[in-house]
Amino acid sequence: PVYAFTSHNKTARELSLVYGVNSIEIHSAKSFDEAVEMIPQALRERKLVKKGDKIVLTAGIPFRKPGSTNMLVVLTC
């Protein structure tokens, strides 16, 4: 499954219309490191992943700048 995390309600609603995407609204991460901690935790709380599952996170540096996606990280929950 594809989960799109956003702190913007409008973005979450728009992403819900994209086939195969499940949008999840969370409070805004202030940094990439905070997002790396927050996203797996949010998935575990919703019972969408279990311990040992791998997830792929895409982001961009500078963080929170639209159109700057330039990173892919594989995390183990």
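Asp53 is partly exposed, with a relative accessible area of 22%. In this predicted model, Asp53 forms a salt bridge with Lys50. The closest N and O atoms of that pair are 3.8 Å apart. Lys50 is exposed, at a relative accessible area of 57%.

How many salt bridges does a search of the whole structure find? The search finds 2. The other pairing to look at is Lys10 with Glu14, whose side chains meet with an N to O distance of 2.8 Å. Both residues lie in helix 1, which covers residues 9-16. They sit 4 residues apart, about one turn of the helix. Lys10 counts as exposed at 51% relative accessibility. That label holds because exposed means over 50%. Glu14 is partly exposed, with a relative accessible area of 42%.

| Salt bridge | N to O distance |
|---|---|
| Lys10 and Glu14 | 2.8 Å |
| Lys50 and Asp53 | 3.8 Å |

Both Asp53 and Lys50 also appear among the contacts of Cys77. Cys77 is found in the segment after strand 4, a strand that spans 69-76. Is Cys77 buried or exposed? At 13% relative accessibility, Cys77 counts as buried, because the limit for buried is under 20%. Leaving aside neighbours within four places in sequence, Cys77 is in contact with Pro40, Arg44, Val49, Lys50, Lys51, Gly52, Asp53 and Ile55. Arg44 is 33 residues away from Cys77 along the chain. Their C-alpha atoms are separated by 8.0 Å.

Two of these Cys77 contacts, Val49 and Ile55, lead into the nonpolar core. The largest such core has 15 residues. Those with the most contacts inside it are Ile26, Ile39, Leu43, Val49, Ile55 and Leu57. Helix 2 (32-45) and strand 3 (54-60) each supply at least two residues of this core. Which element gives the largest share? Helix 2 does, with 6 residues. Leu43 touches Tyr3, Phe5, Ile24, Leu48, Val49 and Ile55, not counting residues up to four places away in sequence.

Ile24 is also touched by Thr6. Thr6 has its place in strand 1, residues 2-6. Thr6 is buried, with a relative accessible area of 10%. Setting aside residues up to four places away in sequence, Thr6 touches Thr11, Ala12, Ile24, Glu25 and Ile26. Ile26 is one of the core residues with the most contacts. The side chain of Thr6 also has a polar atom that lies 3.1 Å from the backbone nitrogen of His8.

Next comes the loop between helix 2 and strand 3, where Lys47 lies. Lys47 has a positive phi of about 55° although it is not a glycine. Why does that deserve a note? Most residues other than glycine have a negative phi. Lys47 counts as exposed, at 72% relative accessibility.

Strand 3 also has a residue on the outside. Val56 is found in this strand and is exposed, with a relative accessible area of 55%. Val56, Leu72 and Val74 make a nonpolar surface patch of about 300 Å².

How values were computed: Residues are numbered from 1 along each chain as its sequence is written. This is a predicted model: local features need pLDDT of at least 70, side-chain atom pairs count only at pLDDT 80 or more; totals for chains, interfaces and linings use all residues. Side-chain values use heavy atoms; hydrogens and water are left out. Buried means under 20% relative accessible area, exposed over 50%, partly exposed in between (1.4 Å probe, protein chains only). A polar contact is a pair of N or O atoms within 3.5 Å; within protein, one must be able to donate a hydrogen and the other to accept it, and residues adjacent in sequence count only if both atoms are side-chain atoms. Contact means heavy atoms within 4.5 Å. A nonpolar core is a set of buried Ala, Val, Leu, Ile, Met, Phe, Trp, Tyr and Cys residues joined through side-chain atoms within 4.5 Å. Patches are made of residues with over 30% relative accessible area and no salt bridge: like charges are joined within 9 Å, nonpolar side chains (Val, Leu, Ile, Met, Phe, Trp, Tyr) within 5 Å. Accessible areas come from the Shrake-Rupley method with a 1.4 Å probe; for residues, only the protein chains shown count as cover. A salt bridge is a side-chain nitrogen of Lys or Arg within 4 Å of a carboxyl oxygen of Asp or Glu.
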